[in-house]
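Trainee: Could you take me through the main sheet of this protein, strand by strand, and then through what packs around it? I would enjoy one connected account.

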Amino acid sequence: MDGVDLSYKLRLAALVPRRRLGYPQPVESVSVARCAQLSPADDVGTSVVHDHYLTPEQINAFDDQGFLVLRHWIPSHLLERLQEGAVDWVSVGKKSRQVGEVNEDYRFVNRDGRDVMYRVDYLHNKGQVVSLELLGSPEILGIAESLAGKNFVPTYEAMVFKDTGNGAPIRWHQDATHPRRYRIFNIDIYLDAARPGQGALRVVPGSQRTKVDVCEIEDRCGWEVPGRHFHLQGAGDILVHDVMLVHGSAPTLGNSLRRTIYYEFRPAEQILEEGPWDRAWVDKRLRLLPLALEAYARANPGQAGFAWRADPDFRPAPTSGAELRVAHLVHSPGSYCSAGDVPTKT
Ligand SMILES: O=C(O)CCC(=O)C(=O)O
């Protein structure tokens with residue numbers, strides 16, 4: 001057997017759901033007894049890739065730390081199209097606010113009497129096909145299959161940003177808490193560089209193993225939580241994070257723009273066993289995938305696309321028009337330090 005075959009087999013071994021790998025691991029509580037001074041960012045960045053599946057080592061690092069950094073993962077032509085699309089999303093959101101329209105997909109907070117835009121939800125119906133091209137790319141779907149198995153479901157799509165000059169804080173939180181029988185994760189795609197002091201994401205490595213009282217952390221430590229890392233991301237880099245990883249980003253003033261697209265994935269098996277959505281909702285979400293693969297193929301003629309290997313039962317029947325904004329009537333509970341623990345989901 002040659003080396004290529006062996007590595008392929010190792011990767012397949014890593015693709016089985018975590019339940020069959022003997023998860024959940026013993027719960028270790030995160031040490032937040034002390035509030036810490038700054039520690040420099042680690043760098044577990046991994047440079048590029050051959051077939052866009054994660055290696056067993058990368059998957060182990062993700063399971064251990066709750067995140068994985070993938071450097072230079074998005075090709076420059078796709079990155080440029082995403083940056084252009086993002087300009088349009090923000091401009092449409094700001095214009096609609098100026099004329100008094102209420103559209104909950106464009107989110108603002110009030111900072112010192114000023115409306116500050118920080119988020120766009122449900123990217124695929126916002127007039128920029130590049131969000132589907134990104135979803136259908138081997139760069140994203142290789143990660144999705146590596147961690148969720150072949151029946152992965154794209155469950156959320158949003159862009160969060162620190163606006164030029166005025167970046168709203170995202171307080172410490174866990175996106176969703178769940179029994180950890182399967183992996184649920186966000187793929188964070190960086191459209192701009194994010195540096196410490198400029199609104200870079202902070203994470204608490206290893207905090208994904210249990211539900212954490214984020215209010216307690218915030219009250220006692222503010223932003224200075226032991227073990228947290230500032231993730232130095234460059235445009236085109238990816239951070240994959242477990243939805244239970246404690247993370248957040250401090251407010252900024254006078255900085256440049258920092259935009260991150262968040263695509264969340266869950267295994268279909270996980271949703272059907274644990275909720276909070278039903279089969280009809282899963283099917284609607286899966287209908288995005290043929291559209292996404294087609295958008296990728298159109299924008300990248302001659303490039304090998306992603307070979308989608310979902311079980312036939314999870315392949316949507318052909319349909320004349322799929323819904324592009326597949327909304328969530330409910331969310332999985334997360335851990336947030338806000339009234340009612342209500343998530344602003346990624
Ligand atoms: O991009 C950021 O600063 C954090 C966004 C985030 O964690 C969220 O919206 O859940």
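Mentor: Gladly; here is a walk through the sheet, its helices, its core and a few backbone details.

This is a predicted model, so a word on limits: local features need pLDDT of at least 70, side-chain atom pairs count only at pLDDT 80 or more, and totals for chains, interfaces and linings use all residues. Residues are numbered from 1 along each chain as its sequence is written.

The protein has nine helices and 14 strands; these are DSSP runs numbered from the N terminus, with helices being H or I of at least four residues and strands being E of at least two. Seven of the strands form an open sheet in the order β1-β10-β7-β13-β4-β3-β2, with antiparallel pairing. Its edge strands are β1 (67–70) and β2, each of which pairs on one side only. From one strand to the next, the twist averages 20°. Two strands count as paired here if DSSP finds at least two bridges between them.

Let us start at the β2 edge. Strand β2 (residues 106–111) pairs with strand β3 (residues 114–121) in the antiparallel sense, over six bridges. Within this pair, N110 stands opposite D115 of β3. The two strands make a hairpin with two residues between them, and D112 in the turn has a positive phi of about 50°. Further along the sheet, strand β7 (residues 185–190) and strand β13 (residues 258–267) run antiparallel and are joined by six bridges. There, I187 has Y263 of β13 as its bridge partner.

Now for the helices that lie across these strands. Helix α3 (residues 76–98) lies across β2, β3, β4 (152–162) and β13, and runs at about 130° to β3. Helix α5 (residues 138–148) lies across β4, β7, β10 (238–242) and β13, at about 40° to β13. For these angles, axes are lines fitted to C-alpha atoms, for helices over the stretch in contact, and angles run from 0 to 180 degrees between N-to-C directions. One residue of α3 worth finding on your screen is Q83. Its C-alpha atom is separated by 9.7 Å from that of Y190, although Q83 and Y190 are 107 residues apart along the chain. Q83 is partly exposed, because 16 other C-beta atoms lie within 10 Å; the scale calls a residue buried at 20 or more such atoms within 10 Å, exposed at 12 or fewer, and partly exposed in between, with C-beta atoms placed from the backbone.

Next comes the core. The largest nonpolar core has 81 residues, and M159 and V240 have the most contacts inside it. Its largest share, seven residues, comes from β4. A nonpolar core here is a set of buried Ala, Val, Leu, Ile, Met, Phe, Trp, Tyr and Cys residues joined through C-beta atoms within 7 Å. Leaving aside neighbours within four places in sequence, V240 is in contact with F62, F67, L68, L70, I143, F185 and I187; contact means that the C-beta atoms, placed from the backbone, lie within 7 Å. Across the whole protein of 346 residues, 43% count as buried.

Strand β4 also has a part in covering another helix. The buried residues of helix α9 (residues 288–299) are L288, L289, A292, L293, A295 and Y296. Seen down the axis of α9, these buried residues fall within an arc of 160°, so they line one face of the helix; the arc is that of the directions from the helix axis to the C-beta atoms. Their cover includes α4 (130–135), β4 and α8 (279–286).

Finally, a few backbone details. Most residues other than glycine have a negative phi, and most peptide bonds are trans. H72, in the loop between β1 and α3, has a positive phi near 50°. H72 counts as partly exposed because it has 17 C-beta neighbours inside 10 Å. R180, in the loop between β6 (170–174) and β7, has a positive phi near 65°. The peptide bond from G275 to P276 is cis, with omega near 10°, and P276 lies in the loop between α7 (268–274) and α8.

Conventions:
Two residues are in contact if their C-beta atoms, placed from the backbone, lie within 7 Å. The expected span of a helix is 1.5 Å times one less than its number of residues.
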